[in-house]
Amino acid sequence: MAATILYGKEIAKDIREQLAGEVEELKSKGIVPGLTVVLVGDDPASHSYVRGKARGCEEVGIRSEIILKEASISEEELVAIVEELNENPNVHGILVQLPLPAHISEKAVIGAIRSEKDVDGFHPINVGNMMIGYDSLLPCTAHGVIEMIKRTGMPMEGKHAVVIGRSNIVGKPVSYLLQKENATVTMCHSRTVDLRHYTRQADILIVAAGKAHLIGSEDIKPGAVVIDVGVNRIDSGKLVGDVRFDEAKEVAGYLTPVPGGVGPMTITMLLKNTIEAAKNLSAI
Ligand SMILES: Nc1nc(=O)c2c([nH]1)NC[C@@H]1CN(c3ccc(C(=O)N[C@@H](CCC(=O)O)C(=O)O)cc3)C=[N+]21
């Protein structure tokens, strides 16, 4: 049986239509949700992602602004930009695109963002609130992954979810959100011995290792929900995931493609967070 393909792009379109309605409503109350993205350096992939974010904003009616800075900017200057945005009442969301140049501390910059405007959900206050299970701005990719699993209609409760990758932006947050949905969660990573031993037990497999073609049909439990978070640009210039799609689709029950899977959901959750931040900051 071939897998049902979860087209994030289509799910995202659905959600974005709903978000556009919410923006309309806010505008009628005189609130125009605004996102500012700060992009340091000239990495082409980062520029491409940031363009995607700006397009998403335009689609739902969010005002967006991109601040471009050279890679030579100092940490102090970057923190000063963030602090200015913290005070700007027209800016509800602040996103500093990662990675930052090596001489700038991510901790210092992310920590400088006012937590109510941290639409990435990367500020320690938001991470802590999420971990406890309190309301918080959720990390966009992890939230997008959960929304995609919900769309399968399969309850997560009691299911064995295996997460490959322990990053702060995907692996760790997705493990908390899966636990919140009452899944049993196993974490695997680059030092895991006999990865396949774990992945073959997974009812839900989240692959966020950043290694092209890591997972194939032999690694997947028949019928599993397989979410591919990988974004790898291979030599041909093609974008591929961490899962060998053509193989996996013969075994999995549900499978996300790359591109057109998790990526568009990530941006959609960013738009959702920006609207939420605008509401919270305006006390609506
Ligand atoms: N502070 C911060 N927040 C982020 O959320 C963040 C970041 N830094 N740094 C880089 C990663 C990566 N990321 C992606 C978002 C969307 C797509 C996406 O929409 N991809 C399209 C294809 C895009 C293409 O073709 O290049 C897709 O999968 O269909 C990809 C990657 C957000 N990130």
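**A guided look at two domains and a ligand shell**

Guide: UniProt, in an unreviewed entry, puts the feature "domain: Tetrahydrofolate dehydrogenase/cyclohydrolase catalytic" at residues 6–120; such annotations may be inferred rather than shown by experiment. Residues are numbered from 1 along each chain as its sequence is written. This is a predicted model, where local features need pLDDT of at least 70, side-chain atom pairs count only at pLDDT 80 or more, and totals for chains, interfaces and linings use all residues.

Visitor: What is the mean pLDDT of the protein?

Guide: pLDDT is the predictor's confidence in each residue, from 0 to 100. Here the mean is 97, and 100% of the residues reach 70 or more. The model also scores ipTM 0.96 and pTM 0.97.

Visitor: What makes up residues 6–120?

Guide: That stretch is 50% helix and 16% strand, with its end C-alpha atoms 24 Å apart. Helices (H or I, at least four residues) and strands (E, at least two) are DSSP runs, numbered from the N terminus.

Visitor: Which domains does the domain assignment give?

Guide: Domain 1 (31–115) and domain 2 (140–262), with bounds from an automatic or database assignment. Their C-alpha centres lie 28 Å apart. Each domain supplies at least three residues to the shell around the ligand.

Visitor: Which residues come nearest to the ligand?

Guide: Y49, L98, P259, G263 and T266, out of 18 around it. A residue counts as near if its C-beta atom, placed from the backbone, lies within 6 Å. Helix α10 gives the most to the shell, four residues.

Visitor: How do you know that helix α6 has the span it should?

Guide: The expected span is 1.5 Å times one less than the number of residues. For the twelve residues of α6 (residues 140–151) that comes to 16 Å, and the end C-alpha atoms are 17 Å apart, so the two agree.

Visitor: Why is α6 called mostly covered?

Guide: A residue is buried if 20 or more other C-beta atoms lie within 10 Å of its own, exposed if 12 or fewer, and partly exposed in between. Nine of the twelve residues in α6 are buried, among them C140, H143 and M148.

Visitor: And why is I125 called partly exposed?

Guide: I125 has 16 other C-beta atoms within 10 Å, and that count falls between the cut-offs for exposed and buried, so partly exposed is the label. I125 sits in helix α5 (residues 124–132). Its C-alpha atom is 9.8 Å from that of L137, twelve residues apart along the chain.
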